Amino acid sequence: MGVSRNTIFHFYDSRGLDIVSNSKEALKELYLKRNEWILNYDRERIDSIFN
């Protein structure tokens with residue numbers, strides 16, 4: 001687990017990770033840059049947060 005700019009990256013195995021932050025802006029930057037990381041079953045819910 002790593003912490004950077006109040007953001008936690010929890011790598012749970014070779015299939016993925018969870019990212020949490022107390023800053024929506026920090027998450028939006030990742031959302032825009034790494035949108036392909038979002039799993040299809042999470043996409044609609046996550047898109048609704050940032051759109």
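How much area does the chain expose, and what share of it do carbon and sulfur atoms supply? The exposed area is about 4300 Å². Carbon and sulfur atoms supply 53% of that area. The model is predicted.

## Fold and dimensions

Three strands and two helices make up the secondary structure of the chain. Their order along the sequence is β-β-β-α-α. The strands therefore precede the helices, as the pattern β-β-β-α-α and the DSSP runs numbered from the N terminus show. Helix H1 covers residues 24-33. Helix H2 covers residues 40-50.

The C-alpha atoms fill a box of roughly 25 × 25 × 15 Å along the principal axes. The radius of gyration is 11 Å. A compact globule of 51 residues would have a value near 10 Å, so the chain agrees with that expectation.

## Burial and contacts

How many of the 51 residues count as buried, in percent? The share is 16%. Contacts with a separation of 6 or more can also be split by sequence distance. Of these, 7% come from residues 24 or more positions apart.

## Charges and salt bridges

The chain carries 8 positive and 8 negative charges. The mean positions of the two sets are 4 Å apart. The salt-bridge count comes to three.

One bridge joins Arg 15 and Asp 13, with an N to O distance of 2.4 Å. Arg 15 has 68% relative accessibility and so counts as exposed, since the cut-off is over 50%. Asp 13 has a relative accessible area of 30%, so this residue is partly exposed.

The other two bridges lie within helices. In helix H1, the side chains of Glu 29 and Lys 33 meet at 3.5 Å, N to O. These residues sit four places apart, about one turn of the helix. Glu 29 is partly exposed because its relative accessible area is 34%. Lys 33, at 55% relative accessibility, counts as exposed.

In helix H2, Arg 45 pairs with Asp 42 at 3.7 Å, N to O. Here the spacing is three residues, again about one turn of the helix. Arg 45 has 53% relative accessibility, so this residue counts as exposed.

## Leu 30 in helix H1

Which residues does Leu 30 contact, leaving aside neighbours within four places in sequence? They are Phe 9, Ile 19 and Asn 35. Leu 30 belongs to helix H1. Is Leu 30 buried or partly exposed? At 21% relative accessibility, Leu 30 counts as partly exposed, because buried means under 20%.

A C-alpha distance adds a reference point. Leu 30 and Asp 18 are 12 residues apart in sequence. Their C-alpha atoms are 12 Å apart in space.

## Glu 44 in helix H2

Glu 44 is found in helix H2, the helix that also holds Arg 45 and Asp 42. Its relative accessible area is 70%, so Glu 44 is exposed.

How far from Glu 25 is Glu 44, in sequence and in space? The sequence separation is 19 residues. The C-alpha to C-alpha distance is 19 Å.

Technical notes. Residues are numbered from 1 along each chain as its sequence is written. This is a predicted model: local features need pLDDT of at least 70, side-chain atom pairs count only at pLDDT 80 or more; totals for chains, interfaces and linings use all residues. Side-chain values use heavy atoms; hydrogens and water are left out. The radius of gyration is taken over C-alpha atoms; the globule rule is 2.2 Å times the number of residues to the power 0.38. Buried means under 20% relative accessible area, exposed over 50%, partly exposed in between (1.4 Å probe, protein chains only). Contact means heavy atoms within 4.5 Å. Accessible areas come from the Shrake-Rupley method with a 1.4 Å probe; for residues, only the protein chains shown count as cover. Lys and Arg count as positive and Asp and Glu as negative; His and the chain ends are not counted. The place of a charge is taken as NZ of Lys, CZ of Arg, CG of Asp or CD of Glu. A salt bridge is a side-chain nitrogen of Lys or Arg within 4 Å of a carboxyl oxygen of Asp or Glu.
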